[in-house]
Amino acid sequence: MKISVSFLSCKNVPIALKKLNDTDADYIHVDVMDGKFVPNKTMPFREMRNIYKYTDKRLDVHLMVEGPKKYIPLYAELNTEFITFHVEVMDDIEECLELIKSYGIKCGLAVKPNTPVKRLVPYLPLLDLILVMSVEPGAGGQTFISSSRDKIKELRALLNSYHSKAFISVDGGINKEVKESCQECDILTVGSYVTNAEMFQPQIDNLR
Ligand code: DX5
Ligand code: ZN
């Protein structure tokens with residue numbers, strides 16, 4: 001199981017990123033919020049771009065924004081493995097996926113808890129990653145929604161039936177107790193369970 005760690009709930013981001021760099025986390029999950037798609041807002045790109053000063057890990061960018069198109073070229077500049085945006089956005093989804101791919105970056109679509117996985121079907125041939133939100137997007141530290149377990153299973157069956165090789169990632173409320181509900185995923189995206197602890201590596205070990 002791969003682990004992608006979000007620093008959304010960290011008070012001191014540079015210190016958290018340096019600590020994460022010393023773990024075996026696979027990716028740094030970069031949550032981007034615009035105050036429109038979700039009520040909260042994260043730091044602007046001119047600050048976010050400094051991530052490279054503190055970690056050389058690959059970035060897993062999660063755009064929780066209404067219009068992802070204008071964010072894609074910015075985050076494509078960084079050490080980025082995946083750019084994921086939401087299937088519920090206003091912009092043209094296919095155009096945004098193609099734009100991500102044009103930078104040689106893997107593209108993903110995220111689904112909110114109440115969005116059915118069948119909404120992803122038209123885009124499956126283009127997708128490298130699907131991010132299943134197991135909390136309402138917008139904040140770290142929430143409780144895993146238990147019905148996400150069935151949703152992940154349904155998505156795995158859907159991907160198999162379309163011969164899609166897209167990875168499944170789950171994001172929100174992940175900890176040692178709920179990881180059993182996520183065995184069909186390829187990536188666990190985790191925030192507070194890791195970053196609220198003094199020592200990050202033992203928490204990551206508990207999830208593998
Ligand atoms: C929620 C974010 C998540 C979040 C994960 O909107 O997309 O990435 O930071 O944090 P935890 O693991 O604390 O739910
Ligand atoms: Zn996220």
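Sorted by class, the shell around ligand 1 holds 10 polar residues, seven nonpolar ones and just two that are charged. The model is a predicted one, and everything below should be read with that in mind. In this model, 19 residues surround ligand 1, and the ones that come nearest are Gly138, Gly141, Asp171, Gly191 and Ser192.

Three of these nearest residues also turn up in polar contacts. The side chain of Ser192 puts an N or O atom 2.5 Å from an oxygen atom of ligand 1. For Asp171, the distance from a side-chain N or O atom to an oxygen atom of the ligand comes out at 2.7 Å. Gly141 joins in through its backbone, with a polar atom there sitting 2.8 Å from an oxygen atom of ligand 1. As for how much of the ligand is left uncovered, ligand 1 on its own would expose 380 Å², and the protein buries 100% of that.

Which secondary-structure elements give two or more residues to this shell? They are strand E2, covering residues 27–33, and strand E3, covering residues 58–64. E2 makes the biggest contribution, at three residues.

Those two strands belong to the barrel. The barrel is closed and has eight strands, paired in parallel and running in the order E1-E2-E3-E4-E5-E6-E7-E8. Going from one strand to its neighbour in this sheet, the average turn is 25°, with direction ignored. As for E1 and E8, E1 spans residues 2–6 and E8 spans residues 187–190, and the two pair in the parallel sense over four bridges. Within that pairing, Lys2 stands opposite Ile187 of E8.

Then there are the aromatic rings. A pair of aromatic rings is described by how far apart the centres are and by the angle of the planes. The count for this model comes to three aromatic pairs. One of them is formed by Tyr27 and Phe82, whose rings are 5.3 Å apart centre to centre, with 75° between the planes, making the pair edge-to-face. Why does this pair tie together parts that are 55 residues apart in sequence? Tyr27 lies in strand E2 while Phe82 lies in strand E4 (residues 80–86), so the contact links stretches with that separation along the chain. Strand E2 thus comes up twice here: Tyr27 of the aromatic pair lies in it, and it gives the most residues to the shell around ligand 1.

Technical notes
Residues are numbered from 1 along each chain as its sequence is written. Chains are lettered from A and ligands numbered from 1 in the order in which they are written. This is a predicted model: local features need pLDDT of at least 70, side-chain atom pairs count only at pLDDT 80 or more; totals for chains, interfaces and linings use all residues. Side-chain values use heavy atoms; hydrogens and water are left out. Two strands pair if DSSP finds at least two bridges between them. Axes are lines fitted to C-alpha atoms, for helices over the stretch in contact, and angles run from 0 to 180 degrees between N-to-C directions. A residue is near a molecule or strand if one of its heavy atoms lies within 4 Å of it. A polar contact is a pair of N or O atoms within 3.5 Å; within protein, one must be able to donate a hydrogen and the other to accept it, and residues adjacent in sequence count only if both atoms are side-chain atoms. Accessible areas come from the Shrake-Rupley method with a 1.4 Å probe; for residues, only the protein chains shown count as cover. Ala, Val, Leu, Ile, Met, Phe, Trp, Tyr, Cys and Pro count as nonpolar, Asp, Glu, Lys and Arg as charged, and the others, Gly among them, as polar. Rings of Phe, Tyr and Trp (its six-membered ring) pair if their centres lie within 6.5 Å; planes under 30 degrees apart count as stacked, over 60 as edge-to-face and the rest as tilted.
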